[in-house]
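Visitor: I'm new to this one and would like a close look at a single part rather than a quick tour. Please start with one residue and work outwards from there.

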Amino acid sequence: MSGLRVYSTSVTGSREIKSQQSEVTRILDGKRIQYQLVDISQDNALRDEMRALVGNPKATPPQIVNGDQYCGDYELFVEAVEQNTLQEFLKLA
């Protein structure tokens with residue numbers, strides 16, 4: 001798979017995960033950055049794929065990947081936005 005992907009889940013009891021996913025997609029949409037939303041709740045293979053790319057068997061969404069390169073999680077995403085290094089973080093620059 002190529003391009004920017006945001007791993008998320010539509011099935012979670014965690015308000016924090018829902019809020020983080022919304023913020024990531026809102027910022028990407030606002031900056032008109034194209035991405036594919038991958039809902040890991042639809043298939044365990046997608047969750048396993050996300051965790052393999054991240055290198056953490058307990059990783060939770062949102063996780064951001066460009067091609068087969070891991071960009072980071074929510075905290076790193078927000079840090080990149082605040083430091084105005086989002087293009088580099090997303091490996092688009």
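Visitor: Which residues does Ile40 touch, not counting residues up to four places away in sequence?

Guide: Before we dive in, a word on the model: it is predicted, with local features needing pLDDT of at least 70 and side-chain atom pairs counting only at pLDDT 80 or more, while totals for chains, interfaces and linings use all residues. Residues are numbered from 1 along each chain as its sequence is written, and side-chain values use heavy atoms, leaving out hydrogens and water.

Now to your residue. Leaving aside residues up to four places away in sequence, Ile40 touches Tyr7, Ser8, Thr9, Leu46, Arg47, Met50 and Pro61; a contact here means heavy atoms within 4.5 Å. You'll find Ile40 in the loop between E2 and H2. Those labels are DSSP runs, numbered from the N terminus: helices (H or I) have at least four residues and strands (E) at least two. Ile40 is buried, at a relative accessible area of 9%. The scale calls a residue buried under 20%, exposed over 50% and partly exposed in between, using a 1.4 Å probe and protein chains only. As for Pro61, 21 residues along the chain from Ile40, the two C-alpha atoms are 8.5 Å apart.

One of those contacts, Arg47, leads us on. Arg47 has a salt bridge with Asp48, with 3.8 Å between the closest N and O atoms; the term asks for a side-chain nitrogen of Lys or Arg within 4 Å of a carboxyl oxygen of Asp or Glu. Both partners are partly exposed, Arg47 at 28% relative accessible area and Asp48 at 44%.

How many salt bridges does the structure hold? There are 2. Besides the pair just seen, Arg26 and Glu23 meet at 4.0 Å, N to O. They sit 3 residues apart in helix H1, about one turn of the helix. Arg26 is exposed at 55%, while Glu23 is partly exposed at 23%.

Next comes the sheet, an open one of 4 strands in the order E2-E1-E3-E4, with mixed pairing. Two strands pair if DSSP finds at least two bridges between them. At the edges are E2 (36-39) and E4 (69-73), each pairing on one side only. Strand E3 (residues 63-66) pairs with E4 in the antiparallel sense over 4 bridges, and Gln63 has Asp73 as its bridge partner in E4. Helix H1 (residues 15-30) packs on the sheet, touching E1 (4-8), E2 and E3, and runs at about 160 degrees to E1. Such angles run from 0 to 180 degrees between N-to-C directions, with axes fitted to C-alpha atoms, for helices over the stretch in contact. Helix H2 (residues 44-54) lies across E1, E2, E3 and E4, at about 120 degrees to E1.

Let's finish in strand E1, where Arg5 sits. Arg5 is buried but has no salt bridge; Glu49, the nearest side chain of opposite charge, is 4.3 Å away. (Lys and Arg count as positive, Asp and Glu as negative; His and the chain ends are not counted.) The side chain of Arg5 does reach the backbone oxygen of Gly67, at 3.0 Å. Gly67 belongs to the hairpin of E3 and E4, which has 2 residues between the strands, and takes a positive phi near 65 degrees.

Notes: Polar contact = N/O pair within 3.5 Å; in protein donor to acceptor, adjacent residues only side chain to side chain.
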